Amino acid sequence: MDETATLASSHTEMTEMLLPNDTNNLGRALGGAVLHWMDICGAIAGMRFSNRQVVTASMDHVDFISPIEMGEVAIIEGYVFNTGRTSVDVKVDVRAENPRTDETRRTTTSYFTFVALDDDGRPTPVPALDCPTDDEAALRDDALEGRREQLRQVVDRYDL
């Protein structure tokens, strides 16, 4: 295993066309379909970073702030922004794109934690995160602050 890996090495972008099987009765994306896409994108980012199989350990709070309409393209983007001993934290953003106008809008963001597994299915160490460019450091810092803010909002919402 390499001692470090870069944020850029984990970057993953997927696209999905929203078709009828993934829509509700309003012709909009089912929340479960969006979460499924986010989980896959996050797992790929975690595998690229760690060069290991990963499993989902947790997913933070999710707000669906804008619907994805049937026929639009969902753009799912993720990257590792933090690591533990055997875990990676991945920020996953979803945008909707109207392919006829090229207009995009943000639909949701969440933060996932994945655990890397060795060949026997046991947790195994992951590389440390390296952000050699200013852009990578800015993405890392944005994700760290975004996660902190999201957690503050959840606490405020539930008055914990």
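This section describes the nonpolar cores, the cysteines, the largest pocket and three individual residues of the structure. The model analysed here is predicted.

The largest nonpolar core comprises 26 residues, and within this core Ile 68 and Ile 76 touch the most other members. At least two residues of this core are supplied by each of helix 2 (31-50), strand 4 (73-83), strand 5 and strand 6. The greatest contribution, eight residues, is that of helix 2. The surroundings of Ile 68 were examined further, with residues up to four places away in sequence not counted. On this basis Ile 68 touches Leu 18, Gly 27, Arg 28, Ala 29 and Val 34, together with Ala 74, Val 94, Ala 96, Arg 105 and Thr 107. Apart from the largest core lies another, made up of seven residues, including Phe 81, Cys 131, Ala 137 and Ala 143.

The cysteines were then considered. The number of disulfides in the model is zero. For Cys 41, which takes part in no disulfide, the nearest cysteine sulfur is that of Cys 131, at 17 Å. Because a disulfide requires sulfur atoms within 2.5 Å, a pair separated by 17 Å does not qualify. Cys 41 has a relative accessibility of 0% and therefore counts as buried. Cys 131 is likewise in no disulfide, its nearest cysteine sulfur being that of Cys 41. With a relative accessibility of 14%, Cys 131 also falls in the buried class, since that class extends to values under 20%.

The largest pocket has a volume of about 250 Å³. Its lining consists of 17 residues, and those nearest the centre of the pocket are Arg 106, Thr 109, Tyr 111, Gln 150 and Gln 153. Two or more lining residues are given by each of strand 5 (87-97), strand 6 (104-117) and helix 3 (134-158). Helix 3 provides the largest share, with seven residues. In terms of residue class, the lining of this pocket contains seven charged, six polar and four nonpolar residues. Strand 5 and strand 6, which contribute to this lining, also supply residues to the largest nonpolar core.

Three individual residues were examined in turn. Ala 57 is located in strand 3 (residues 53-59). Its relative accessibility of 49% places Ala 57 in the partly exposed class, because only values over 50% count as exposed. Beyond four places in sequence, Ala 57 touches Thr 113, Phe 114 and Val 115. Ala 57 and Val 90 are 33 residues apart in sequence, and their C-alpha atoms are 11 Å apart in space.

Thr 86 occupies the loop between strand 4 and strand 5. The relative accessible area of Thr 86 is 14%, so this residue is buried. When residues up to four places away in sequence are not counted, Thr 86 touches Phe 114, Val 115 and Ala 116, as well as Pro 123, Thr 124, Pro 125 and Val 126. Phe 114 and Val 115 thus appear among the contacts of Thr 86 and among those of Ala 57.

Asn 98 lies in the loop between strand 5 and strand 6. Asn 98 has a relative accessible area of 19% and is therefore classed as buried, the limit for this class being under 20%. With neighbours within four places in sequence left aside, Asn 98 is in contact with Glu 72 and Glu 103.

Terms used:
Residues are numbered from 1 along each chain as its sequence is written. This is a predicted model: local features need pLDDT of at least 70, side-chain atom pairs count only at pLDDT 80 or more; totals for chains, interfaces and linings use all residues. Side-chain values use heavy atoms; hydrogens and water are left out. On a 1 Å grid over the protein atoms alone, a cavity is a set of points where a 1.4 Å probe fits but cannot get out, and a pocket is an open set with protein on both sides within 12 Å along at least five of seven lines; lining residues have an atom within 4 Å of a point. Grid points are joined across faces, edges and corners, and a volume is the space filled by probe spheres set on the points. Helices (H or I, at least four residues) and strands (E, at least two) are DSSP runs, numbered from the N terminus. Ala, Val, Leu, Ile, Met, Phe, Trp, Tyr, Cys and Pro count as nonpolar, Asp, Glu, Lys and Arg as charged, and the others, Gly among them, as polar. A nonpolar core is a set of buried Ala, Val, Leu, Ile, Met, Phe, Trp, Tyr and Cys residues joined through side-chain atoms within 4.5 Å. Buried means under 20% relative accessible area, exposed over 50%, partly exposed in between (1.4 Å probe, protein chains only). Contact means heavy atoms within 4.5 Å.
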